[in-house]
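Q: Please take a close look at one part of this model, and explain it slowly enough for someone in a first year of study. I would also like to know how that part sits within the whole.

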Amino acid sequence: MKAEEEFKQLYQRMSSLCAENDWGDPLSYARAKEIYAAIELGHKVSSTLSGADAFNKLGQPVEYKSTTDDKVKGSYTGISRQSTWSEQVRYLKEDKIAKYPEHFFNRFDPQDGKLVESWKLSGKQVFDLLLPKLKKQYPNAHNKKDPRLNANITYTEIMKYAERVI
């Protein structure tokens, strides 16, 4: 079978599996990686593309960050900028970051797609690591064309604070 035909068949099968299991579009952003990680970690895949990426064994919502880089990391992009810093902190705590008890940082092999490592931080740890980074950019973000905030959990931070689960 030609590579093109095999790709089409695999794409159609993946789409069918996702439809049958209420997992959403497998090619929407990093959805396929989220589905793969949830299966590998024993989590339940979320049926929506917004909010929790999956639910842990206790039924709690979890957040996934994925990379194919040589070192594991997590990018938090497109964080809505609130009108005041105190409202921003509340939003990060209650709606965006700390509301997820666990954040998983997953590194996939770019050649074969396998999940090669996964690390876990609590939502509070992620909140504490991101808050100073976001606070620094907050005052001037409203002057940008895209005022949304963004920050990374670095490889160094993961190695220092996270628990390896795979």
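A: The answer below starts with the whole protein, goes on to the loop between H1 and H2 and the helices beside it, and ends with a charged network for comparison.

This is a predicted model, so local features are described only where pLDDT is at least 70, and side-chain atom pairs count only at pLDDT 80 or more, while totals for chains, interfaces and linings use all residues. Residues are numbered from 1 along each chain as its sequence is written, and side-chain values use heavy atoms, with hydrogens and water left out.

The protein has five helices and eight strands, where helices (H or I, at least four residues) and strands (E, at least two) are DSSP runs, numbered from the N terminus. Read from the N terminus on, the elements run α-α-β-β-β-β-α-β-β-α-β-α-β, and the C-alpha atoms fill a box of roughly 55 × 35 × 30 Å, taken along the principal axes. Of the 166 residues, 36% are buried; buried means under 20% relative accessible area, exposed means over 50%, and partly exposed lies in between, with a 1.4 Å probe and protein chains only. If we take the contacts (heavy atoms within 4.5 Å) between residues at least 6 apart in sequence, 54% of them join residues at least 24 apart.

The chosen part can be entered through helix H1, which covers residues 3-21 and contains Tyr-11. Tyr-11 counts as partly exposed because its relative accessibility is 35%, and together with Phe-7 and Leu-27 it makes a nonpolar surface patch of about 320 Å². Such patches are made of residues with over 30% relative accessible area and no salt bridge, where like charges are joined within 9 Å and nonpolar side chains (Val, Leu, Ile, Met, Phe, Trp, Tyr) within 5 Å; the accessible areas come from the Shrake-Rupley method with a 1.4 Å probe, and for residues only the protein chains shown count as cover.

Charged side chains appear in this part as well. Side chains of opposite charge can pair when their charged atoms come close. Arg-13 and Glu-20 are paired in this way, their side chains meeting in a salt bridge at 3.8 Å, N to O, a salt bridge being a side-chain nitrogen of Lys or Arg within 4 Å of a carboxyl oxygen of Asp or Glu. Arg-13 is partly exposed at 44% relative accessibility, and Glu-20 is exposed, with a relative accessible area of 56%.

The loop between H1 and H2 holds Asp-22 and also Tyr-29, and the backbone of both deserves attention. Most residues other than glycine have a negative phi, and most peptide bonds are trans. Asp-22, although not a glycine, has a positive phi of about 60°, and Tyr-29, again not a glycine, has a positive phi of about 50°. Asp-22 is partly exposed at 48% relative accessibility, whereas Tyr-29 is exposed, with a relative accessible area of 78%.

What does Arg-31 touch, leaving aside residues up to four places away in sequence? Arg-31 belongs to helix H2 and counts as buried because its relative accessibility is 1%. The residues that Arg-31 touches include Trp-23, Gly-24, Asp-25 and Pro-26, and also Val-45, Ser-46, Ser-47, Thr-48, Leu-49 and Asp-53. The side chain of Arg-31 also meets that of Glu-34 in a salt bridge (3.2 Å, N to O), and Glu-34 is buried too, with a relative accessible area of 11%. Because Arg-31 and Glu-34 are three residues apart in helix H2 (residues 31-41), about one helical turn separates them.

A further pair, from helix H3, can be set beside this one. Arg-90 and Glu-87 both lie in helix H3 (residues 85-96), three residues apart and so about one turn of the helix. Salt bridges that share partners join Glu-87, Arg-90, Glu-94 and Asp-95 into one network. Within that network, the closest N and O atoms of Arg-90 and Glu-87 are 2.9 Å apart; Arg-90 is partly exposed at 27% relative accessibility, and Glu-87 is partly exposed at 27%. The structure holds 14 salt bridges in total.
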